[in-house]
Amino acid sequence: MSTAAAAAALTPGRVEIVRRAPKRNDDRVILHFDYDCFYASVFENLNPSLKGLPLGVKQKSILATCNYAARARGVKKLMLVSEAQRACPDLVIVCGEDLTPFRDASKKLWSALRAHSWNGRVERLGLDEVFLDVTDVVAYNQELLNRNALRDSFFHLSRQDPENGFSFDGGRFFGCVQPPIDPRNDASDLLDNPLCVRLMLASHLAGHLRHKLEENFGYTSSGGISTNKVLAKLVGSANKPKNQTTLLSLREDDVQNFIDGHKLRQIPGIGSRIAQLIQDHVLSAANNPDSAADPGDQTPIRNEITTREVRQHPSMSPELLSQILDCPGLERSSGDKIWALLHGVDVSEVKAASDIPTQISIEDTYMARPLNTPAEVTRELRALSTSLVRRMRADLVVDASQQRWAAYPKTLRLSTRARPKPGSAAPESFSRCSRSQALPSFALSLRDGTDAVAERLAAECLLPLFRRLHPERQGYNLALINICVTNMAVVAGSADESGGAGAGAGAGGRDIARMFRTQEDKLREWTVYDTSPVSVPTPAIVSDDINATPPTADVESPTEEDTGSWIEKWVEQEEEGSGEAAARKPAAAISSDPPDADAWGDGDEIQRCRLCGHAIPIFAVSAHERFHTVGD
């Protein structure tokens, strides 16, 4: 019986908590690549004269990142530019607010790694990290490994081409190993362990791929090799930069000891809010066993508590973790997941590679100068909309000369984050408010220029969404605006739909709506039509006014001039603070038709219910009457 269990048994009225460690599956082999100082490396590759110099990449007034030459001079990431220049007067500052070169470089490196995948499971994490599931490649080479000639081993990169590969020493690991191997032991003894053989082969594959990235593209990277994504990412940080580490589990507790040595916040998958809630509970229980953590406490997290302290807390269990994390905004019943991560267990799969992104997002922050007026918001929405349209065309149009989309998004989303109003005692909140709508078809028009589409998107979609999020006239105090298109629909004939590596990542399968729209043409030659005249009874129109006449007014659509000037009218209205909103908006659609009738089509197929007055299609009148009968 464990110490905690014995103490529970001796404590009157205390219920013993059974805490079983989740079982870890070591059947997979996962590689993790993290490009060293990626943003700075992009500028160094574009301008080789910057190599060796202390280099910082700024975004607004913050230093987003810096290279290792700058870090050796006392410069750190997320420093104010002014502080970084005081720490290193020779620091070279470049502007990194345009993410286009970083996206292009990231896609190029990801494509190079994907070319060495057999199962297509190559997942990007941000712009500078990639996961590879190489279980099948390693298993194939494990079968071909010759125990009698380990020093002259050959790693096969293709099943079809036996000469495509590289030579390696099969009697040792490539790079670092965690925990370190005792040099007094014969490394070949490790080959009696099938898991060690797989990890040894994977270490050589990771080293080969890292060498290719540096040789062909000029980017160095750090690598992690293990049996799941969390462990691979965590162990890859052990020997940065320009190195790699393999996590071994020769003994039962090797992986657990490795996990226990990390701070709670360092574990991938455990965010700052989750770590703070768990830490507050553990520390408060240690100081006062009868107290509990306050979920609303906004005290900054102290990175002192380790995974071991959490895991070995006397009352810690998946059930207790679920109770601690039962707060608004957090996933319900997440205790089992966090409990597994504390033991190095991660069952998440490496996602299949896809040329089509799951979403395209553009955002900007305004921490130093929050947005407060309609004119400022309009300016930023126009700029973000232009960047979004350009990204859509760059990432989703496969052949601009043929004007063809590989996929198109269906949903447009606007998100904002506001800071507390000046003088307010409310704590800083990092939550976002969002509104979404269907992406209009004009946003996919390739005949119109980027600026014209972006201007219309801002006027007709983003500004109305913003008004729904922030109905006040001014004083928004916005620190962030994000616009995003998502819910991708793959166009027929694209690589992802026809069985490419990324099939399923963004594909929506068959377009059912299109099938219904075209079914009449497809079935016409097998359809028999009755051309005899059909007499249609005239439905009775029920109205409270006996002199009422059927509506005949046409629907008036907003003109191009109205739409184009909406932005200016809205800005004028908000800044002047006079007049009703409806008087300043473009001409709305005018119709005297009953609102219910519009939803069902032509008026000659509608009949009004005598009891409730709703417009009902003729075929549904009898069912509607039965509804009233049941209700009575």
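**Exercise 1. Aromatic pairs**

How many aromatic pairs does a search of the whole structure find? Then classify the pair Y39 and F102, and the pair F155 and F168, by geometry.

Solution. The structure is a predicted model. Across the whole of this model, the search finds 10 aromatic pairs.

Step 1. Take Y39 and F102. Their ring centres are 4.0 Å apart and the planes make an angle of 5°. Planes under 30 degrees apart count as stacked, and the pair of Y39 and F102 is stacked.

Step 2. Place the two residues. Y39 belongs to helix α2 (residues 38-46) and F102 to helix α5 (residues 100-114), so their pairing ties together parts that are 63 residues apart in sequence. F102 has a relative accessibility of 0% and counts as buried.

Step 3. Take F155 and F168. The ring centres lie 6.1 Å apart with the planes at 65°, so this pair is edge-to-face. F155 is in strand β7 (residues 153-156) and F168 in strand β8 (residues 165-168), so the pair ties together parts that are 13 residues apart in sequence.

Step 4. Check burial for this pair. F155, at 0% relative accessibility, counts as buried. F168, at 7%, counts as buried too.

Step 5. Look for a wider group. Y39 and F102 belong to one aromatic cluster, which also includes Y35, F38, F43 and Y219.

**Exercise 2. Charges over rings**

Over which ring does the charged end of R159 sit, and over which ring does that of R456 sit?

Solution. Step 1. The charged end of R159 is over the ring of Y140, at 5.8 Å from the ring centre.

Step 2. For R456 the ring is that of F442, and the distance to its centre is 4.1 Å.

**Exercise 3. The sheet of 6 strands**

Give the strand order of the open sheet formed by 6 strands, and name its edge strands.

Solution. Step 1. The order is β5-β6-β1-β10-β11-β9, with mixed pairing.

Step 2. The edges are β5 (122-125) and β9 (176-178), each of which pairs on one side only. From one strand to the next, the twist averages 20°.

Step 3. Look at one pairing inside the sheet. Strand β1 (residues 30-35) and strand β6 (residues 129-133) run antiparallel and are joined by 5 bridges. Here D34 stands opposite E129 in β6.

**Exercise 4. The sheet of 3 strands**

Describe the open sheet formed by 3 strands, and say which strands α2 lies across.

Solution. Step 1. The order is β3-β2-β4, and the pairing is mixed. The edge strands are β3 (62-66) and β4 (92-95), each pairing on one side only. The twist in this sheet averages 40° from one strand to the next.

Step 2. Strand β2 (residues 55-59) pairs with β3 in the antiparallel sense over 4 bridges. One bridge partner of note is I62 in β3, which is matched with Q59.

Step 3. Helix α2 lies across β2, β3 and β4, at about 110° to β2. This is the helix that holds Y39 from the first exercise.

**Exercise 5. The surroundings of N482**

Is N482 buried or exposed, and which side chain does its own side chain join in a polar contact of 2.7 Å?

Solution. Step 1. N482 lies in strand β17 (residues 478-490).

Step 2. Its relative accessibility is 5%; buried means under 20%, so N482 counts as buried.

Step 3. The polar contact of 2.7 Å is between the side chains of N482 and S361.

Step 4. Beyond its neighbours within four places in sequence, N482 is in contact with S361, I362, E363, R413, L414, S415 and R432.

Methods: Residues are numbered from 1 along each chain as its sequence is written. This is a predicted model: local features need pLDDT of at least 70, side-chain atom pairs count only at pLDDT 80 or more; totals for chains, interfaces and linings use all residues. Side-chain values use heavy atoms; hydrogens and water are left out. Two strands pair if DSSP finds at least two bridges between them. Helices (H or I, at least four residues) and strands (E, at least two) are DSSP runs, numbered from the N terminus. Axes are lines fitted to C-alpha atoms, for helices over the stretch in contact, and angles run from 0 to 180 degrees between N-to-C directions. Buried means under 20% relative accessible area, exposed over 50%, partly exposed in between (1.4 Å probe, protein chains only). A polar contact is a pair of N or O atoms within 3.5 Å; within protein, one must be able to donate a hydrogen and the other to accept it, and residues adjacent in sequence count only if both atoms are side-chain atoms. Contact means heavy atoms within 4.5 Å. Rings of Phe, Tyr and Trp (its six-membered ring) pair if their centres lie within 6.5 Å; planes under 30 degrees apart count as stacked, over 60 as edge-to-face and the rest as tilted. A charge sits over a ring if NZ of Lys or CZ of Arg is within 6 Å of the ring centre and within 35 degrees of the ring normal.
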